[in-house]
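The following paragraphs offer a guided reading of the structure shown below, moving from one end of the chain towards its interior.

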Amino acid sequence: MRIVKVPLADRTYSIVIGPDLLSSLGKKCAELNLGKRCAIISDANAAPHHGKAAAQSLVANGFEVSTIVLPAGETTKNLSVVQRCYNELAKQRFERKSFVVALGGGVIGDLAGFVAATYLRGIPFVQVPTTLLAQVDSSVGGKVGVNLKAGKNLVGAFYQPKLVLCDLATLDTLPPREFKAGLAEVIKYGIIYDAFLFKRLERDLDKVLARDPKVLGSVIARCCEIKADVVGQDETESGLRAILNFGHTIGHAIENISGYGKYLHGEAISIGQVAAAKLSRQLTGLSEREVSRIEALFARTGLPTKIRLTPAQHKKLFDAMKLDKKVSAGEIKFVLAEKIGTVKWGQKVPEDLIHQALD
Ligand SMILES: NC(=O)c1ccc[n+]([C@@H]2O[C@H](COP(=O)([O-])OP(=O)(O)OC[C@H]3O[C@@H](n4cnc5c(N)ncnc54)[C@H](O)[C@@H]3O)[C@@H](O)[C@H]2O)c1
Ligand SMILES: [Zn+2]
């Protein structure tokens with residue numbers, strides 16, 4: 001078992017990572033001085049596999065547990081589902097110390113976290129992320145929220161959990177495509193922050209893909225450490241946190257123009273990161289060799305590295321990039337790499353170079 005501390009003054013909490021941790025969920029919650037009542041919020045894919053173990057562990061430790069199972073998928077992340085959860089909590093007469101357990105991927109974590117952040121002006125919540133993406137990314141850092149028709153994640157808050165429990169065994173039931181998509185974020189941490197992690201991934205990729213718990217546990221822990229470190233220095237995204245968006249400017253635009261659903265987020269940012277590496281070659285001195293290593297690692301993982309676009313789609317992609325909420329004063333700014341492990345944010349990139357990087 002590994003523990004990563006997220007140091008945020010009085011809101012400091014631990015991320016616990018290891019195999020078969022779900023059975024200790026109740027005991028760990030009992031150590032947190034929470035109320036008796038709790039609601040597990042989960043979805044139709046995660047709950048059948050892991051809901052029972054989570055509930056049993058909580059009940060065995062004296063908690064009164066109710067479970068809310070929501071439809072799976074991004075469309076669940078909306079305000080009417082939030083309201084459905086509020087009504088459920090009110091029916092159960094939740095109080096200030098009652099707590100929410102988010103059991104699922106990033107959709108559930110973001111939504112349940114937002115419910116917890118706002119119900120009674122905030123009740124405690126515990127994250128039990130069950131996708132690789134959620135374990136290395138969305139459960140760390142305290143961003144919670146939902147989508148509006150007008151765009152993704154437009155309503156939300158910064159709200160930290162009391163505990164994050166990453167049970168590696170929950171990943172066993174994750175479909176291979178979802179698992180690989182999570183690896184796109186894992187590789188990202190290597191590129192933006194840790195050349196040694198990147199090298200390790202090159203060396204141990206087969207074990208990672210085979211979901212070897214030992215290798216995976218230490219890789220996930222390292223990713224959480226990196227995200228915690230970045231978020232610890234810049235909790236509300238005024239500077240450094242931007243580096244987490246490497247590959248995301250183009251990635252988000254690809255998700256947007258291809259209609260959400262064609263590409264998983266991890267697939268879109270895989271293409272985005274390869275394009276950002278090519279731009280880095282031209283603008284921030286990333287070597288040709290490192291561009292090739294980056295492209296090769298995504299390809300070996302089984303992730304897409306290119307996209308074929310018609311001229312009309314190119315234009316749509318640019319329009320989408322300009323609408324990204326990270327764009328300020330109409331200028332598209334990129335995170336670019338100087339070498340694997342070191343990036344710079346706020347880099348202006350001429351449009352024609354972006355076209356070239358995508359061709
Ligand atoms: N808060 C943040 O900082 C942050 C960061 C990155 C992404 N996100 C958000 O995270 C979401 C994406 O997260 P995701 O990729 O985990 O998506 P997801 O929650 O939709 O999960 C992916 C799929 O896997 C299923 N699933 C989950 N756990 C499973 C398990 N153990 N076994 C089998 N199936 C399982 C889900 O039902 C879903 O079909 C997006 O909404 C994104 O905006 C948030
Ligand atoms: Zn991402």
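The model is a predicted one, and a convenient place to begin is the hairpin of β1 and β2. Strand β1, which covers residues 2–6, and strand β2, which covers residues 13–18, pair in the antiparallel sense through five bridges; within this pairing, Lys5 has Ser14 of β2 as its bridge partner. Six residues lie between the two strands, and in this hairpin Ala9 adopts a positive phi near 45 degrees.

Strand β2 also leads into the interior. The largest nonpolar core has 54 residues, and those that touch the most other members are Ile15, Ile17 and Ile220. To this core helix α8, residues 213–233, gives the most, with 10 residues. The surroundings of Ile17 can be followed residue by residue: when its neighbours within four places in sequence are left aside, Ile17 is in contact with Met1, Arg2 and Val4, with Cys166 and Leu168, and with Gly217, Ile220, Ala221 and Cys224.

A further element to examine is helix α4, which runs over residues 106–118 and spans 18 Å from its first C-alpha to its last, close to the 18 Å expected for its 13 residues at 1.5 Å a residue. Because 12 of these 13 residues are buried, α4 is largely enclosed by the rest of the structure. The buried positions include Gly106, Val107 and Ile108 towards the beginning of the list, and also Asp110, Phe114 and Ala117. Just after α4, Leu120 takes a positive phi of about 50 degrees.

Definitions and conventions. Residues are numbered from 1 along each chain as its sequence is written. Chains are lettered from A and ligands numbered from 1 in the order in which they are written. This is a predicted model: local features need pLDDT of at least 70, side-chain atom pairs count only at pLDDT 80 or more; totals for chains, interfaces and linings use all residues. Side-chain values use heavy atoms; hydrogens and water are left out. Two strands pair if DSSP finds at least two bridges between them. Helices (H or I, at least four residues) and strands (E, at least two) are DSSP runs, numbered from the N terminus. The expected span of a helix is 1.5 Å times one less than its number of residues. Buried means under 20% relative accessible area, exposed over 50%, partly exposed in between (1.4 Å probe, protein chains only). A nonpolar core is a set of buried Ala, Val, Leu, Ile, Met, Phe, Trp, Tyr and Cys residues joined through side-chain atoms within 4.5 Å. Contact means heavy atoms within 4.5 Å.
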